[in-house]
Amino acid sequence: MPVNLKGRSFLTLKDFNKEEIMYLLNLSKDLKAKKRMGIKGDLLSGKNIVLLFEKTSTRTRCAFEVAAFDEGANVTFLTNSQMGVKESIEDTAKVLGRMYDGIEFRGYSQKTVEDLAKYSGVPVFNGLTDACHPTQFLADMMTILENVNKPLSHIKLTFVGDAKNNVANSLMIGCAILGAHYTAVAPKECWPDENLVSEMKAVCEQSGGTITISEDIAAVEGSDAVYTDVWVSMGEGDKYAERIALLKDYTVTMDMLKMTKNDDVIFLHCLPSFHDLETEIGKDVYEKYGLKEMEVTDEVFRSRYSKVFDEAENRLHTIKAVMVAMI
């Protein structure tokens, strides 16, 4: 059956099957080629999109804005609304749905993005919540498909670090649906929710994918991609001492990449990354804890294995595909 996503919202990968996710990835590839050829788009001509941000952003905001502009849409970046302060989320959604053809939300609660979709009557896009980060997964998988010459059923993606965060959750969900092989390497305190793991293992029984959770760094062996993220997420700034003590042995190093026994392995990171001392937080952590690098070494980050900036660019093309397909 042909895929038609018009009118759908993009809240979590759980709402989509393999064919629909692959449709979005193939559309992303086409839209990327079109942009590289300088072909001006009009697939969103006359449409209006509003961006709601509770959490700060570089890639998500820029990707949504440029993607919309590339295809002829208008964008409102709205950070001073009354949503949740003087006006309920339900009422805000109903107002915005009368004025806009699509709504993006980046913030804390998954319920907020779900309520926006429930009450607005227009497609709503999850730019990140504490529960998941579905647009990031699309960019990650697009980058893997561009750099790993294997069918999805043979791809092993290993996440190292805080494996219960929103990015890791979406990686596990997406790999399960697509039939890829997902491994999380983390201390037990940072393992993903048991109920989510059980739910996704049941999905794997149908897709042919696998899920492995381990404390042992040796579990990276055979990886096609090694992925990490910051140890402390937004809103957790008081947890650096705790997380550093817990995760310092899970820094992605060149020795870890060698443990994959795959000379073509790629390194991925959703960014921003604390791989040097060129940030205020990086300097502060160095002064307090003596660490020059955290979740990944600068050597790995700048190496030939690193595809982090390809991955960042692919946020644009995959987000554009989501909006084009659903608006």
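This passage walks through side-chain pairings and some backbone features of a predicted model.

A good place to start is with the aromatic rings. In this predicted structure, 5 aromatic pairs are counted. In one of them, phenylalanine 10 and phenylalanine 16 have ring centres 5.3 Å apart and planes at 55°, so the pair is classed as tilted. Phenylalanine 10 is buried, with a relative accessibility of 0%, and phenylalanine 16 is buried as well, with a relative accessible area of 4%. Another pair brings together phenylalanine 301 and phenylalanine 309, whose ring centres lie 5.8 Å apart; their planes stand at 90°, so this pair is edge-to-face. Here the partners contrast in their surroundings: phenylalanine 301 is buried at 7% relative accessible area, whereas phenylalanine 309 is exposed at 58%. An exposed residue is one with over 50% relative accessible area, and therefore a value of 58% places phenylalanine 309 in that class.

Aromatic rings can also be met by a charge. The charged end of arginine 61 sits over the ring of phenylalanine 77, at 3.5 Å from the ring centre.

Attention now turns to pairs of opposite charge. The structure contains 19 salt bridges. One of these joins the side chains of aspartate 70 and lysine 35, with an N to O distance of 2.9 Å. This salt bridge links distant parts of the chain, since aspartate 70 belongs to helix H2 (residues 59–70) and lysine 35 to helix H1 (residues 18–36), the two residues being 35 residues apart. Lysine 35 is partly exposed, with 35% relative accessibility. The pair also has company: Lys35, Asp70 and Lys320 are linked in a network of salt bridges.

A second salt bridge is found between aspartate 130 and lysine 55, where the closest N and O atoms are 2.8 Å apart. Both partners come from loops: aspartate 130 lies between strand E4 (124–128) and helix H5 (134–147), and lysine 55 between strand E1 (48–53) and H2, so the pair ties together parts of the chain that are 75 residues apart in sequence. Aspartate 130 is partly exposed, with a relative accessible area of 44%, while lysine 55 is buried at 5% relative accessibility. Residues under 20% relative accessible area are called buried, so lysine 55 falls in that class even though it takes part in a salt bridge.

A third example stays within a single helix. Lysine 94 forms a salt bridge with glutamate 90, and the closest N and O atoms are 2.8 Å apart. These two residues both lie in helix H3 (residues 89–99) and are 4 residues apart, about one turn of the helix. Lysine 94 is partly exposed at 41% relative accessibility, and glutamate 90 is likewise partly exposed at 29%.

From charged pairs, the description moves to a single loop residue. Threonine 297 is placed in the loop between helix H10 (280–289) and helix H11 (298–301). This threonine is buried, with a relative accessible area of 11%. When its neighbours within four places in sequence are left aside, threonine 297 is in contact with Thr251, Val252, Thr253, Met254 and His275.

The backbone itself deserves a look too, beginning in the loop between strand E9 (266–269) and H10, where proline 272 is found. A cis peptide bond joins leucine 271 to proline 272, with omega at about 0°. Leucine 271 lies in the loop between E9 and H10, and the phi angle of leucine 271 is near 70°, a positive value in a residue other than glycine. With 12% relative accessibility, leucine 271 is buried. Leucine 271 thus brings together a positive phi angle and a place on one side of a cis peptide bond.

Lysine 261 provides another case of positive phi in a residue other than glycine, with a value near 60°. This lysine lies in the loop between helix H9 (254–259) and E9. In contrast to the buried leucine 271, lysine 261 is exposed, with a relative accessible area of 66%.

Methods: Residues numbered from 1 in each chain as written. Predicted model: local features only at pLDDT ≥ 70, side-chain atom pairs only at ≥ 80, totals over all residues. Heavy atoms only, no water. Phe/Tyr/Trp six-rings, centres within 6.5 Å; stacked < 30°, edge-to-face > 60°. Buried < 20%, exposed > 50% of the residue type's maximum accessible area, 1.4 Å probe, protein only. Lys NZ or Arg CZ within 6 Å of the ring centre and 35° of its normal. Salt bridge = Lys/Arg side-chain N within 4 Å of Asp/Glu carboxyl O. Contact = heavy atoms within 4.5 Å.
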